[in-house]
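Visitor: Could you take me through one part of this structure up close? I'm new to this, so please explain the terms as you go.

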Amino acid sequence: LNTTLRNYQRHGVNWLSCLQKLQLGALLADDMGLGKTLQVLSSVKKRTLVVCPTSVLHNWVNELNKFRPELSCNLFHGARRKLDSLSDITITSYAIMRNDLQTLQNASWQTIVLDEAQAIKNPSSKVAQAAYSLKAQNKIAMTGTPIENRLEELWSQFHFINPGYLGGYGDFQSRYGRPIRDGDEAVAAHLRKRIRPFILRRLKKDVATQLPPRTDTVIHCELSDE
């Protein structure tokens with residue numbers, strides 16, 4: 001690895017690696033800016049599929065080349081895209097995953113990673129259904145916002161990483177969703193205990209002493225009269 005991990009990042013890599021060895025899914029929910037991409041890249045091995053928003057496709061390629069240059073990369077995107085079965089890491093977008101689902105289903109994956117996994121927060125959406133149908137030994141979901149609006153978004157991400165662990169959608173609603181919305185703290189505590197082994201979330205304030213000092217850059221811009 002062409003960098004030195006901070007202590008909390010090393011802990012994250014160990015946690016991800018442990019769950020991978022057990023063939024269990026993981027939801028890495030660190031706050032934005034704490035290096036989720038680096039932690040995931042530090043833990044994955046060959047035959048990994050990364051699905052991310054189109055806007056960060058090239059960022060994943062750059063991070064992979066920077067930190068894990070020994071791994072080959074296939075950017076599966078664009079009009080002339082072609083899936084390279086010999087590449088270690090395949091990077092694609094949510095739109096391509098949905099459109100080329102059969103191609104990705106027919107490939108053999110050791111690990112599948114969803115970046116910005118809130119993209120599948122609606123379990124009935126086509127993109128969520130496509131993600132559920134992909135098979136791999138290990139699955140990782142990455143998001144700084146595991147719950148944006150509704151508790152059901154958490155169910156959707158868990159249904160991707162560990163299918164069936166929180167029951168079906170209707171069962172989840174009756175056992176957890178409705179009681180928690182009604183203020184049942186005992187049910188909320190039970191759900192937190194149940195998901196704790198598979199979700200890791202650190203906020204900036206939790207690891208502030210390990211972060212580098214803030215860098216301020218002053219940019220001068222001369223404005224025209226207009």
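Guide: Sure, let's look at helix 2, whose buried residues are Lys36, Thr37, Leu38, Gln39, Val40, Leu41, Ser42 and Ser43. Buried means under 20% relative accessible area, while exposed means over 50% and partly exposed is in between, using a 1.4 Å probe and protein chains only. Helices here are DSSP runs of H or I with at least four residues, strands are E runs of at least two, and both are numbered from the N terminus.

Before we go on, a word on where this comes from. This is a predicted model, where local features need pLDDT of at least 70, side-chain atom pairs count only at pLDDT 80 or more, and totals for chains, interfaces and linings use all residues. Residues are numbered from 1 along each chain as its sequence is written, and side-chain values use heavy atoms, with hydrogens and water left out.

Back to our helix. Eight of the eight residues of helix 2 are buried, so the rest of the structure largely encloses it. What does the covering of those buried residues include? You'll find helix 1, strand 1 (26–28), helix 3 (57–67), strand 5 (111–115) and strand 6 (138–142) there.

Let's pick helix 1 from that list. The axes of helix 1 (residues 7–21) and helix 2 (residues 36–43) come within 9 Å and cross at roughly 45°. Because of that, helix 1 is oblique to helix 2. Axes are lines fitted to C-alpha atoms, for helices over the stretch in contact, and angles run from 0 to 180 degrees between N-to-C directions. Under 35 degrees counts as roughly parallel, over 145 as roughly antiparallel, 65 to 115 as roughly perpendicular, and the rest as oblique.

The crossing of these two, helix 1 and helix 2, is right-handed: the near helix is turned clockwise from the far one by less than a right angle, whereas anticlockwise would be left-handed.

So who touches whom? From helix 1, Tyr8, Gln9, Gly12, Val13, Leu16, Ser17 and Gln20 meet Leu38, Gln39, Val40, Ser42 and Ser43 of helix 2, where contact means heavy atoms within 4.5 Å. Sort the residues of this contact and you get five nonpolar, seven polar and no charged. Ala, Val, Leu, Ile, Met, Phe, Trp, Tyr, Cys and Pro count as nonpolar, Asp, Glu, Lys and Arg as charged, and the others, Gly among them, as polar.
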